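The exercises that follow ask you to read helix packing, burial and backbone geometry from a set of coordinates. Work through each task before turning to the solution beneath it.

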Amino acid sequence: MRNYPVVTDAHAHVKTKAEALERIREGIPTMVCGTDPEDARWVMELCHMPEAEGILFPVFGLHPWYADQWKVEDMMPYLENCQVIGEIGMDSLWCNVPLKRQKEVLEKQLQIAAEWKRPVVLHTKDQEREILELIRKYPNTYLVHWYSTDHDLDGYLDLDCYFSVGPDVIWNPAVQRVARQVPEKRILLETDGMDAVKWAWEEGQKNQNYAIKEQESIRETTQKQPEEIVVKDSLHATARMAAKLRNSSPEILISLTTDNFLTFFGNSY
Ligand SMILES: [Zn+2]
């Protein structure tokens, strides 16, 4: 197997201790999202393991999916204890939380982040335009996670946002467009956690021949079946595809995304 430089994961939900330990063992710096107070407590526990230092970085924010179950105030002890705020945003594709409530929760956290000068990770499903209008009011460093729509990308690019590209870059044309267009200093890699990797893989199976060919090459490179794919395999596969789309090499893309990961964090000091 090729010897890649250190690979980073700019967005993950880590559901098991085994996965946290895998990331530590493999030395994959990861931004681990805590999405509500209960999840944040779990993430805090993982990130406070002594061996997690310098590898697992907590990112806390009240996620739009849970905006009707909790208040921003409930998240405050966690917001105060992280360098990056997120993932926050709005979503009318994967949840039914009233948009008015989602917007209130988002705006409150955008205000806090801008006031505290902490970078923000955004979740934008089918609410891209609304969120763009909102973040224009709160100048800050933004990372748009898994952008997968073919409109309004230019607006986010104009605001100099970071973008993390995930495992469906193998087959999703909108994500491929992001991978092609984001400037060198703004591209990042993500898994969104291993549940999302599994989802992307299964969706890929239903997709074009091209995706299947790519997946076969992942299988050849890793000698693994889909259910055996681990964090590093997914990040490397994403990097290989993103590199191909950018006429670059996976090694260059990986070191670039690792530099960008550190720069994004650097903005939080
Ligand atoms: Zn997420």
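**Exercise 1.** Is the crossing of α10 and α11 right-handed or left-handed? Describe also how these two helices pack and which residues meet.

*Solution.* Keep in mind throughout that the model is a predicted one. Two packed helices are described by the angle between their axes and the distance between the axes. Here helix α10, residues 231-245, packs against helix α11, residues 250-266, at an angle of about 110°, and their axes lie 8 Å apart. Since angles from 65 to 115 degrees count as roughly perpendicular, α10 is roughly perpendicular to α11. As to handedness, the crossing of α10 and α11 is right-handed. The residues that meet are His236, Ala239, Arg240, Ala242 and Ala243 on the α10 side, with Pro250, Ile252, Leu253 and Ile254 on the α11 side. Sorted by class, this contact of α10 with α11 has seven nonpolar residues, one polar residue and one charged residue.

**Exercise 2.** Determine which residues of helix α5 are buried, where they sit around the helix axis, and what they pack against.

*Solution.* Begin with the burial of helix α5, residues 128-136, whose buried residues are Glu128, Ile131, Leu132 and Ile135. They cover an arc of only 105° around the axis, and they therefore lie on the same side of α5. The general background is that an α-helix has 3.6 residues a turn, so residues three or four places apart point the same way. The next step is to identify the partners: the buried residues of α5 pack against the strands β4 (84-89), β5 (120-123) and β6 (142-145), and against the helices α4 (99-116) and α6 (153-158). For contrast, consider glutamate 133, which also has its place in helix α5. Glutamate 133 counts as exposed because it has 10 C-beta neighbours inside 10 Å, and the cut-off for that class is 12 or fewer. Its C-alpha atom is separated by 19 Å from that of proline 98, a residue 35 places away along the chain.

**Exercise 3.** Repeat the burial analysis for helix α2, and then characterise aspartate 36 in the loop between β2 and α2.

*Solution.* In helix α2, residues 37-47, the buried residues are Ala40, Val43, Leu46 and Cys47. Seen down the axis of α2, they fall within an arc of 115°, so they line one face of the helix. The elements against which the buried residues of α2 pack are α1 (17-26), β2 (30-34), β3 (56-60) and α3 (72-79). Turning to aspartate 36, its position is in the loop between β2 and α2, and it counts as partly exposed because it has 19 C-beta neighbours inside 10 Å, whereas a buried residue would need 20 or more. Leaving aside residues up to four places away in sequence, aspartate 36 touches Leu62, His63, Tyr66, Gln69 and Trp70. Of these contacts, histidine 63 is 27 residues from aspartate 36 along the chain, with 6.6 Å between their C-alpha atoms.

**Exercise 4.** Which peptide bond is cis, and what are the phi values of aspartate 152 and aspartate 192?

*Solution.* Most residues other than glycine have a negative phi, and most peptide bonds are trans. A cis peptide bond joins glycine 86 and glutamate 87, with omega of about -5°, and glutamate 87 lies in strand β4. Aspartate 152, although not a glycine, has a positive phi of about 65°; this residue is found in the loop between β6 and α6. Aspartate 192 has a positive phi near 65° and is found in the loop between β8 (187-189) and α8 (194-206). Their surroundings are classed as follows: aspartate 152 is partly exposed, with 15 C-beta neighbours inside 10 Å, while aspartate 192 is buried, with 23 other C-beta atoms within 10 Å.

**Exercise 5.** Is threonine 258 in helix α11 buried, exposed or partly exposed, and which residues does it touch?

*Solution.* Threonine 258 is found in helix α11, and its 18 other C-beta atoms within 10 Å make it partly exposed. Not counting residues up to four places away in sequence, threonine 258 touches Pro5, Val6, Val7 and Thr8. The C-alpha atoms of threonine 258 and isoleucine 187 are separated by 9.4 Å, the two residues being 71 apart along the chain.

How values were computed: Residues are numbered from 1 along each chain as its sequence is written. This is a predicted model: local features need pLDDT of at least 70, side-chain atom pairs count only at pLDDT 80 or more; totals for chains, interfaces and linings use all residues. Axes are lines fitted to C-alpha atoms, for helices over the stretch in contact, and angles run from 0 to 180 degrees between N-to-C directions. Helices (H or I, at least four residues) and strands (E, at least two) are DSSP runs, numbered from the N terminus. Angles under 35 degrees count as roughly parallel, over 145 as roughly antiparallel, 65 to 115 as roughly perpendicular and the rest as oblique. A crossing is left-handed if the near helix is turned anticlockwise from the far one by less than a right angle, and right-handed if clockwise. Two residues are in contact if their C-beta atoms, placed from the backbone, lie within 7 Å. Ala, Val, Leu, Ile, Met, Phe, Trp, Tyr, Cys and Pro count as nonpolar, Asp, Glu, Lys and Arg as charged, and the others, Gly among them, as polar. The arc is that of the directions from the helix axis to the C-beta atoms.
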